[in-house]
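Let's take a friendly walk through this model, starting with one chain and ending where two chains meet. Please keep the 3D view open as you read.

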Amino acid sequence: MAKSINITLKVWRQKDAKSKGHFETYHLENISTDSSFLEMLDILNEKLVDEHKEPIAFDHDCREGICGMCSLYINGHPHGYESEVTTCQLHMRKFKDGDVITVEPWRSRAFPVIRDLMVDRGAYDKIMQAGGYISVNTGGTPDANAIPISKEIADEAMDAATCIGCGACAAACKNGSAMLFVSAKVSQLALLPQGKLEAARRAKAMVAKMDELGFGNCTNTGACAAECPKSISLSNIARLNREFLCAKLKD
Amino acid sequence: MSTIDSKIPKGPLAEKWTNYKNTQKLVNPANKRRLDIIVIGTGLAGASAAATLGELGFNVLNFCMQDSPRRAHSIAAQGGINAAKNYQNDGDSIYRLFYDTIKGGDYRAREANVYRLAEVSNNIIDQCVAQGVPFAREYGGTLANRSFGGAQVSRTFYAKGQTGQQLLLGAYSALSRQIQKGSVKEYTRREVLDIVLIDGRARGVIVRNMTNGKIERYAAHAVVMATGGYGNAYFLSTNAMHSNGSVAIQAYRKGAYFANPCYVQIHPTCIPVHGDYQSKLTLMSESLRNDGRIWVPKKKEDAEAIRAGKLKPTQIKEEDRDYYLERRYPAFGNLVPRDVASRAAKERCDAGYGVAPSGLAVYLDFSEAINRLGKDAIKAKYGNLFQMYEKIADENPYETPMMIYPAIHYTMGGIWVDYELQTSIPGLFAIGECNFSDHGANRLGASALMQGLADGYFVLPYTIQNYLSDQIQVPRFSVDTPEFEEAERSVVEKENRILNIQGHRTVDSIHKDLGHIMWEYVGMGRTKESLETAIEKLKDLKKEFWSNVYVPGKVEDLNIELGKALRLADFIEIGELIAHDALNRNESCGGHFREEYQTPEGEALRQDEEYSYVSCWKYTGEGSAPELLKEPLDYEFTERKTRNYKN
């Protein structure tokens with residue numbers, strides 16, 4: 001049943017990438033526990049606008065956990081403490097009356113702050129552009145059933161393909177590594193017969209781009225998989241390492 | 001008086017597209033390099049078009065509002081994509097997919113367009129598999145299918161409950177490859193605020209850079225809009241927060257016809273509204289109706305007890321449940337089309353049988369399917385949807401039925417296009433949800449993904465060449481022309497005008513008012529009176545917006561409220577168009593239900609004699625009523641019938 005709580009928020013405010021940021025404290029009363037975390041921020045922003053103050057900038061779009069746009073670091077965890085949720089799927093019923101909630105942007109060298117809680121994740125697109133695809137043009141493809149793929153392989157590829165590219169993995173990693181993100185795409189495509197032809201080239205190109213863009217190395221702490229809202233498995237990183245090594249050995 | 005030329009090719013239905021392709025003009029590879037194309041949007045239609053045009057050798061400029069092209073709202077489509085593969089050997093064919101789509105659209109779509117859609121549907125599946133889209137498979141390695149509303153065959157391909165995501169990531173990967181090659185230049189966090197016309201042709205766009213508020217100009221030989229639907233005119237919808245109709249409205253103001261705006265789809269299975277702080281509604285995929293059974297209590301006192309929290313749905317005995325879809329529509333049961341299912345839910349709730357504290361919800365129950373197939377089988381099929389429901393509603397749908405209610409989901413109406421997907425402005429094309437072309441008055445489930453990708457991969461890349469072939473002598477445009485100056489000036493003036501109002505209302509508070517008016521008076525059941533009331537109220541709301549909105553900050557800055565205000569101004573205009581169109585259409589068809597026009601059983605009653613046409617609204621200037629142009633819909637190949645999902 002719906003009830004309401006009073007909370008205190010400590011929100012990171014930062015004018016732009018070059019300015020120094022700071023925490024600002026806000027008190028909110030009578031927040032319905034049925035509202036989502038982002039709806040709570042909407043309420044705060046409405047209040048700020050009413051007081052003729054600048055609203056807090058944060059990224060969001062679909063609000064159903066699939067677009068990967070929302071990106072808040074809540075009480076020290078990307079997308080909050082709850083497992084398997086994005087920020088937009090986090091509900092206020094997970095908080096208690098009187099809670100103090102700290103909200104920060106993703107903090108990672110490769111994701112510079114644009115304003116407040118909004119960061120630039122363009123680096124992930126650049127990694128994808130380096131090789132996150134099967135090189136096939138529109139048209140001239142064989143009948144879809146001409147390539148049989150076992151259910152197990154299709155399901156495994158699907159699990160890897162579930163990645164929403166939100167950046168929580170790199171934000172959670174003490175090294176700022178994008179290995180989970182990169183490995184999910186490399187795995188998906190390396191598992192499928194259509195993607196095998198280019199597997200070696202893909203793994204090398206994506207890893208090289210990741211290094212170039214300032215992401216750190218993987219030291220197998222597993223924070224990425226623990227915080228991933230889509231439960232992308234660490235085994236993908238193992239597969240990426242295997243694909244990468246094989247590719248390098250062939251060179 | 002303008003006339004409408006839909007440019008439908010001559011010949012038998014099944015040969016029209018082939019004939020068109022055989023005789024259309026093409027652009028040779030050396031000339032393609034010299035031609036620039038702007039594509040607005042990176043959803044299924046936009047990304048697939050931009051990628052394909054890039055592959056062909058055109059120089060493409062692609063814009064999106066999000067921080068990455070991968071985040072367009074196509075990503076949220078859950079259930080699946082239709083194709084006439086007939087892999088299940090259950091009697092499917094291109095003709096049957098065509099026929100189901102025409103019938104599902106309540107005979108208000110163009111036959112030639114729909115047939116072409118059904119024809120290319122099979123290529124889409126081949127294309128996506130080649131890209132590595134991990135569709136669901138059978139143990140033998142072949143592709144799996146499921147059923148969707150309005151069809152008696154299994155023709156829906158799916159990737160768990162995340163089909164839109166997987167298809168969009170496929171298109172995004174093709175797009176990424178072209179960006180790497182340099183044939184597509186991607187512009188993210190950009191909002192297109194106007195379309196620039198030179199000598200009557202679309203030649204560029206005025207863009208707001210959302211990170212700094214700076215205005216940018218881009219020129220091209222042709223402009224393609226792939227900007228999605230305008231459902232957020234209702235404030236609460238299943239659309240993403242940034243989904244909007246602004247480019248469509250700018251195109252309309254520049255002379256593109258807005259077609260059938262009143263055809264708005266209300267999806268029957270969404271999580272019900274629960275509070276006034278709510279920002280959006282979440283869809284529960286139609287695929288759930290494969291195994292879920294929809295019901296309300298048979299007895300009013302049971303419904304009242306449930307609403308008061310004194311009774312649980314699981315305590316209602318089988319014989320006291322009213323599976324009203326199965327009762328009313330034995331042949332299609334829970335898989336009737338969306339408009340029919342939505343109205344049936346509203347009918348039960350209005351009659352006092354609704355559940356949830358608000359009384360505005362019905363049950364979607366999986367207990368029988370779980371008993372029959374086991375919990376694991378249900379989890380494998382719908383796991384992520386059940387999880388999503390539990391996160392939002394805080395109830396476990398494996399143990400207690402889901403509560404659902406209809407919500408605004410998709411807009412069949414949109415910018416008018418001819419057979420070539422060109423709008424009434426030469427050089428301006430519209431693809432995907434933002435055009436009106438294929439779904440008539442109601443879209444069938446799993447057909448939005450099909451249409452977006454059909455337009456982007458297989459239709460536009462052909463038809464746009466027919467236009468561009470005589471543009472090869474036209475040199476690249478400068479953005480320093482008077483036309484660009486003027487367009488930029490008017491955009492900046494509008495921004496300043498909004499910022500200078502300095503009133504007392506936040507953008508969202510006015511948007512919520514708009515949503516209430518639209519849902520209350522232009523929603524699931526419309527009457528002449530309700531629509532006239534809406535038009536009056538919208539006039540007042542427009543005045544309220546332009547005199548009392550408050551937007552903080554500066555124009556040349558990252559200014560979220562200003563972005564929202566610009567979109568809201570356009571949503572109010574769209575709301576007016578929807579109401580005008582609905583008032584003009586004195587009949588019920590598909591998603592447009594006029595309560596005056598129904599059968600004794602409460603089914604939609606079309607008036608084919610008078611309304612078998614596409615309503616094309618032409619802008620006639622600020623403050624003056626739009627002009628109605630009619631594109632007649634001739635049914636040459638199918639016989640128009642009253643839709644029957646009973647037997």
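A residue is called buried here if 20 or more other C-beta atoms lie within 10 Å of its own, with C-beta atoms placed from the backbone. By that count, 54% of the 251 residues of chain A are buried. Do keep in mind that this is a predicted model.

**Chain A on its own**

The C-alpha trace of chain A spans about 60 × 40 × 35 Å along its principal axes. Its secondary structure comes to nine helices and seven strands. If you look at the contacts in chain A with a separation of 6 or more, 71% of them join residues 24 or more positions apart.

The domain assignment splits chain A into domain 1, residues 4-115, and domain 2, residues 121-250. Taken over C-alpha atoms, the centres of these two domains of chain A are 29 Å apart. Where they touch, domain 1 of chain A contributes 18 residues and domain 2 of chain A contributes 17 residues. On the domain 1 side of that contact, eight residues are nonpolar, seven are polar and three are charged.

**Where chain A meets chain B**

How many residues does each chain bring to the contact? Chain A brings 66 residues and chain B brings 61 residues. Several helices of chain B each supply at least two residues of the side that touches chain A, namely H3 (44-56), H5 (111-131), H6 (163-181), H12 (375-393) and H17 (560-584). The largest share of that side, nine residues, comes from H6(B).

The table sets out the residue classes on two of the contacting sides.

| Side | Nonpolar | Polar | Charged |
|---|---|---|---|
| Chain B, touching chain A | 23 residues | 24 residues | 14 residues |
| Domain 1 of chain A, touching domain 2 of chain A | eight residues | seven residues | three residues |

**A closer look at one helix pair**

Two packed helices are described by the angle between their axes and the distance between the axes. Helix H2 of chain A, residues 122-131, packs with H6(B) at an angle of about 85°, and their axes are 7 Å apart. Angles of 65 to 115 degrees count as roughly perpendicular, and H2(A) and H6(B) are therefore roughly perpendicular to each other.

Which residues meet in H2(A) and H6(B)? From H2(A) come A:Met128, A:Gln129 and A:Ala130, and they meet B:Ser173, B:Ser176, B:Ile179 and B:Gln180 in H6(B). By class, this contact of H2(A) with H6(B) has three nonpolar residues, four polar residues and no charged ones.

Note on methods:
Residues numbered from 1 in each chain as written. Chains lettered and ligands numbered in written order. Predicted model: local features only at pLDDT ≥ 70, side-chain atom pairs only at ≥ 80, totals over all residues. Contact = placed C-beta atoms within 7 Å. Helix = DSSP H or I, 4+ residues; strand = E, 2+ residues; numbered from the N terminus. Nonpolar A, V, L, I, M, F, W, Y, C, P; charged D, E, K, R; others polar. Axes fitted to C-alpha atoms, helices over the stretch in contact; angles between N-to-C directions. Parallel < 35°, antiparallel > 145°, perpendicular 65-115°, else oblique. Domains from an automatic or database assignment. Buried ≥ 20, exposed ≤ 12 C-beta atoms within 10 Å, placed from the backbone.
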